[in-house]
Amino acid sequence: MRKKIVAGNWKMNKNLQEGIELAKTINRQVEDNDVIVILCTPFIHLTEVRNVITKDSLFLGAQNCASEASGAYTGEISADMICSTGAEYVILGHSERRSYYHEDDAVVNKKVKLALANDLIPIFCCGEVLQERQSGIQFEVVRSQVEKGLFDLSVEDFGKVVIAYEPVWAIGTGVTATSDQAQEMHKVIREQIAEKYGNAVADNTSILYGGSCKPSNAAELFANPDVDGGLIGGAALNSADFMGIVNAI
Ligand code: PGA
């Protein structure tokens with residue numbers, strides 16, 4: 001059975017002390033059960049937050065990694081460095097990376113491979129912008145991101161990947177996709193995976209929803225058969241909201 005996952009994406013929020021406090025509170029409140037809870041912190045928090053985690057179902061992740069393995073890339077952080085902190089996940093291809101830092105599908109694909117080669121589980125993000133949805137091309141857009149970002153992976157490697165569908169128009173806007181819109185896209189993605197890698201792999205792939213997910217709408221979103229959890233931005237910065245979402249699953 002595929003895993004239920006709630007991942008918090010702290011983005012560029014919380015200084016080190018604030019981040020440690022938030023992680024401590026969440027660590028206290030997380031129950032050890034089969035829901036995987038992941039804290040995706042800024043790079044500089046990783047080592048300290050690792051030391052705070054004592055629960056078996058709480059994991060650590062980064063929000064990006066370099067597209068090169070090592071070398072003269074001033075300011076970059078490699079997948080190997082992330083792994084060496086004890087982090088096990090890395091968000092890749094987030095729409096903010098794609099739009100503000102011009103990461104295209106090819107760059108995201110390189111990062112996915114480096115992450116896997118360094119024992120990190122990619123949380124691969126995909127999603128259409130508002131104009132694409134309004135023009136009715138959302139399925140093509142997302143299918144193309146998934147294909148170009150992931151479909152040259154071996155079955156074994158693909159089986160490790162977590163996918164996050166995040167409609168860009170819902171990220172940080174307060175506008176959430178309806179439960180039906182989320183389910184519809186997740187089903188399309190799962191069918192696409194089945195066409196490429198077969199039904200068993202598709203059934204085992206966790207597909208998370210992201211975009212203005214809150215305690216008040218999480219249960220309805222997570223009740224869909226193809227929605228296996230959430231990637232949470234704003235609501236991950238407050239332990240009560242984040243745990244409200246974790247407990248909604
Ligand atoms: P949001 O962000 O929950 O603040 O909309 C989600 C994300 O960007 O991962």
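This report describes two helix packings, the largest pocket and the surroundings of one loop residue in a predicted model.

**Helix packing**

Two packed helices are described by the angle between their axes and the distance between the axes. The table gives these values for two pairs that involve helix α7.

| Helix pair | Angle between axes | Distance between axes |
|---|---|---|
| α5 (residues 105–117) and α7 (residues 138–150) | about 45 degrees | 7 Å |
| α7 and α9 (residues 179–197) | roughly 40 degrees | within 10 Å |

Angles under 35 degrees would count as roughly parallel, and 65 to 115 degrees as roughly perpendicular. The angle of about 45 degrees between α5 and α7 therefore makes these two helices oblique to each other. The handedness of the crossing, in which α5 passes α7, is right-handed. On the α5 side, the contact is formed by D105, N109 and V112, and these residues meet Q145, K148, G149 and L150 of α7. Sorted by class, the participants in this contact are two nonpolar, three polar and two charged residues.

The second pair joins α7 to α9, with axes that cross at roughly 40 degrees. With that angle, α7 is oblique to α9. This crossing, too, is right-handed. Helix α7 contributes Q138, F139, V142, R143, V146, E147 and L150 to the contact, while α9 supplies E184, M185, V188, I189, Q192, E195 and Y197. The contact of α7 with α9 comprises eight nonpolar, two polar and four charged residues. Residue L150 of α7 takes part in the contact with α5 and also in the contact with α9.

**The largest pocket**

The largest pocket of the model has a volume of about 420 Å³. It is lined by 13 residues, of which K11, M12, Q63, R97 and Y101 are the closest to its centre. Helix α4 (residues 95–100) provides the largest share of the lining, namely three residues. In terms of class, the lining consists of six nonpolar, four polar and three charged residues.

**Residue S67**

S67 is located in the loop that lies between β3 (58–62) and α3 (79–84). Leaving aside residues up to four places away in sequence, S67 touches V107, K110, K111 and L114. These four partners have numbers that fall within the span of α5, residues 105–117. The loop residue S67 is thus placed against the helix that also packs with α7. With respect to G8, S67 is 59 residues away in sequence, and the C-alpha atoms of the two residues are 23 Å apart in space.

Methods
Residues numbered from 1 in each chain as written. Predicted model: local features only at pLDDT ≥ 70, side-chain atom pairs only at ≥ 80, totals over all residues. Heavy atoms only, no water. Axes fitted to C-alpha atoms, helices over the stretch in contact; angles between N-to-C directions. Parallel < 35°, antiparallel > 145°, perpendicular 65-115°, else oblique. Left-handed = near helix turned anticlockwise from the far one by under 90°. Contact = heavy atoms within 4.5 Å. Nonpolar A, V, L, I, M, F, W, Y, C, P; charged D, E, K, R; others polar. 1 Å grid on protein atoms, 1.4 Å probe; cavity = no way out; pocket = protein on both sides within 12 Å on 5 of 7 lines; lining within 4 Å. Points joined across faces, edges and corners; volume = space filled by probe spheres on them.
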